[in-house]
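Hi,

Here is the structure I promised to pass on. Have a look around before you read my notes underneath.

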Amino acid sequence: MKLNTKFGEFGGVYIPEMMVAAMETLENSFIKYINCFKFKKELNQLLNVFAGRPTGLYLAKNISLDLGFKVYLKREDMLHTGAHKINNALGQVLLAKYMGKKEIIAETGAGQHGVAVAAAGAFLGIPVKVFMGEKDIERQKLNVYRMKLFGAEVVSVNSGSKTLKDAVNEALRYFITNVKTCYYLIGSVVGPHPYPLIVQKFQEIIGKETKEQILAIEGKLPSAIIACVGGGSNAIGIFNEFLDDKNVNLIGVEAGGKVKKHGKTLSNGSIGIFHGSKSYVLQDKDGQIKEAYSISAGLDYPGVGPIHSFLKNLKRAVYGNATDEEAVDALKYLCKTEGILPALESSHAIAYLLKNKNNFNNNDIVVINLSGRGDKDVNQLIYADSDLYGGC
Amino acid sequence: MQYKIPSKIQYKIIGNRKVLPNRFKKKVFIPFLILGDPDYNTSLEIIKSVIDHGVDELELGFAFSDPIMDGITIQKANNRALSFGMNIKKAFDLLNDIRKYSDVPISLMLSFNLIYNYGIDNFLSECNKLNINAVLCPDIPLEESNELVNLAIKHDVNIPFIISLTTSYERIKKICDISSGYIYLVSLLGITGKRENINYSFLEQIKLIRGLTELPIYVGFGISKSEHVKHILTNGADGVIVGSAIINLIDKNLENNQKMISEIIIFVDKLMVKK
């Protein structure tokens, strides 16, 4: 490998020998095209006209009045297909196209990454196969149908816990088998090198825009940035540009789930090697991977991007959590105060702000990465409502 | 069948590593099984039976929740073992029980996360006590091999590496340099699981590897018939590893242990290299 594969002790290339040549080729192509004028121009154009960038930085006036300090929302929820996932999907589908790949595979949990890749694949003319756990297919029917509308094949994964981690396993198995022709498009800053770097690169536009926008509006940097963390791509996307601005507190919010079941990989996990890299992992004392849980399918992953493990240990970012119930309450709060329906994933970031509002004073400016919209979650919400409150 | 205690293994020393003398003596057939599949006692019984039948070597896997290189047969074997309470401690207990019975050469295959959580040093120290010939981690390529290889030298345990059809010549050279015990050549692009037909293009790799190292070359993945074994062994390989095709017989006979074991023995007998 040409680039540094590690973030401190985390990251690396813990992969079968059959994948090594493919990762070397991927790294080479990434280095080549990311600096290529034609590639950059084409990607920028796609981000503008296809995805709808730049997204707004929205002053949530009602929330700000309510909490007593300024709260801005970075509106990734306004993007085509409904979440920040499209940034990375377009970048990597374009990369696959430049590499001459004939087929793209992806894993998906909530379906947002799958939908984004399916849409980008349809637009750029490359067939897409999406691996999705049987349980997730059941709870995210809407997104499954959307992927199919975009012409993608959805492969139902019924091994293991039948959720995101098993979809990744199955995608890796398919990739190992079709390594010469197939491009594996990972949706978060997880997996072996160079994926964490690639996904970080294609998501860093969130933070770049945010910095420019907040400086233009406020003339100063925010005091805190809050984002939800599953694998951690939207969080690193907005954090990255601010890593050197030590006065900006970076806060990641994991899934607190409910009694004993959660997705708090960074705060409750231990260091291990999973899906190709060293990072915090939810595992038992032997190293068997545990199932993660969250009401939001996008946050129930027992691993996390190695960059976040690195930032946690450096204490450059802090990682808290919000429970299912807090996330649902936050979602409703945002609906009622601002008329915005956030994804359940992003609602965890809002929930964290609400329960920690006393840590901020009236001079503070807080930016929340509203990574996705909640239309996909409406079915889930109806169910959660009956679950939590005994009916609406 | 009467079990005879084999004489103490005479290792050949290549570099500073000990190598089983098989390559210089005979071609070997190596069954692969998951420790604790389907459960502790049956697993021990199966392993004792194949030892009784005279297999040359064993490759044994530690069950892992997320084995990415494995097809459905071995995935199910992993799950079966785990669901019957298999864990690292019990896997070592099982190895200890096997060792009370036989000193047949044993290699281990397992995901690195299990070793990492046990502590690499501790794990290899246990392996040394149990006279384990080699430990192969399918998710440790050259790039991540330093710590494992250095500690393995300290504990006198061999660390073989995998060569695949996509491994470049330059890289094969490096793998031959760093490997000890044997070289594991994966016969196909893909995951474990028996295949009806074998594409023998990997035989070219054997020639390349043979030109670079004296280490035994073992071939695995997809192999399920005695004609496969014969063809591979007469074309330069020193050993053939068969897993899924045997584990299928466990899967098929979960209700009947006696039938399970007798079918395994009949199958293993067909694949074994007759002396």
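Below is what I found, going from the domains of one chain to the contact between chains and then to one helix. One thing to keep in mind: this is a predicted model.

**Two domains in chain A**

The domain assignment splits chain A into domain 1 (7-47 + 84-199) and domain 2 (52-82 + 204-389). Their C-alpha centres are 22 Å apart. Where they meet, 41 residues of domain 1 of chain A touch 46 residues of domain 2 of chain A. Together these two domains bury about 3400 Å², with 62% of that on carbon and sulfur atoms.

What about charges across this boundary? There is one salt bridge between domain 1 and domain 2 of chain A. If you want to find a salt bridge on screen, go to Asp300(A) and Arg139(A), whose closest N and O atoms are 2.8 Å apart. You can also hunt for polar contacts, as 18 residue pairs make one between the two domains (both residues at pLDDT 80 or more).

On the domain 1 side, several elements of chain A give two or more residues, including β2 (10-11), α4 (85-98) and α8 (164-177). The largest share, five residues, belongs to α8(A). Sorted by class, that side has 20 nonpolar, 14 polar and seven charged residues.

**Where chain A meets chain B**

Each chain brings its own set of residues here: 35 from chain A and 35 from chain B. The two chains bury about 2900 Å² between them, 54% of it on carbon and sulfur atoms. Three residues to click on are Glu17(A), Met18(A) and Arg173(A), which supply 24% of the area that chain A buries against chain B, more than any other three residues.

How many salt bridges are there between chain A and chain B? The count is four. Lys165(A) and Asp66(B) also meet through their side chains in a salt bridge, at 2.8 Å from N to O. Add to that 20 residue pairs in polar contact between the chains (both at pLDDT 80 or more).

In chain A, α1 (17-34), α8 and β12 (270-274) each supply at least two residues of the side facing chain B. Here too α8(A) gives the largest share, this time eight residues. The class split on this side is 14 nonpolar, nine polar and twelve charged.

**A helix in chain B**

Last stop: helix α11 (residues 244-252) of chain B. Among its buried residues are Ile246(B), Ile247(B), Leu249(B) and Ile250(B). The buried residues of α11(B) pack against several elements of chain B, including α2 (40-52), α3 (72-83) and α12 (257-271).

Have fun exploring!

Definitions and conventions. Residues are numbered from 1 along each chain as its sequence is written. Chains are lettered from A and ligands numbered from 1 in the order in which they are written. This is a predicted model: local features need pLDDT of at least 70, side-chain atom pairs count only at pLDDT 80 or more; totals for chains, interfaces and linings use all residues. Side-chain values use heavy atoms; hydrogens and water are left out. Domain bounds come from an automatic or database domain assignment. Contact means heavy atoms within 4.5 Å. Buried area is the accessible area (1.4 Å probe) that two parts lose on being put together, summed over both. A polar contact is a pair of N or O atoms within 3.5 Å; within protein, one must be able to donate a hydrogen and the other to accept it, and residues adjacent in sequence count only if both atoms are side-chain atoms. Helices (H or I, at least four residues) and strands (E, at least two) are DSSP runs, numbered from the N terminus. Ala, Val, Leu, Ile, Met, Phe, Trp, Tyr, Cys and Pro count as nonpolar, Asp, Glu, Lys and Arg as charged, and the others, Gly among them, as polar. Buried means under 20% relative accessible area, exposed over 50%, partly exposed in between (1.4 Å probe, protein chains only).
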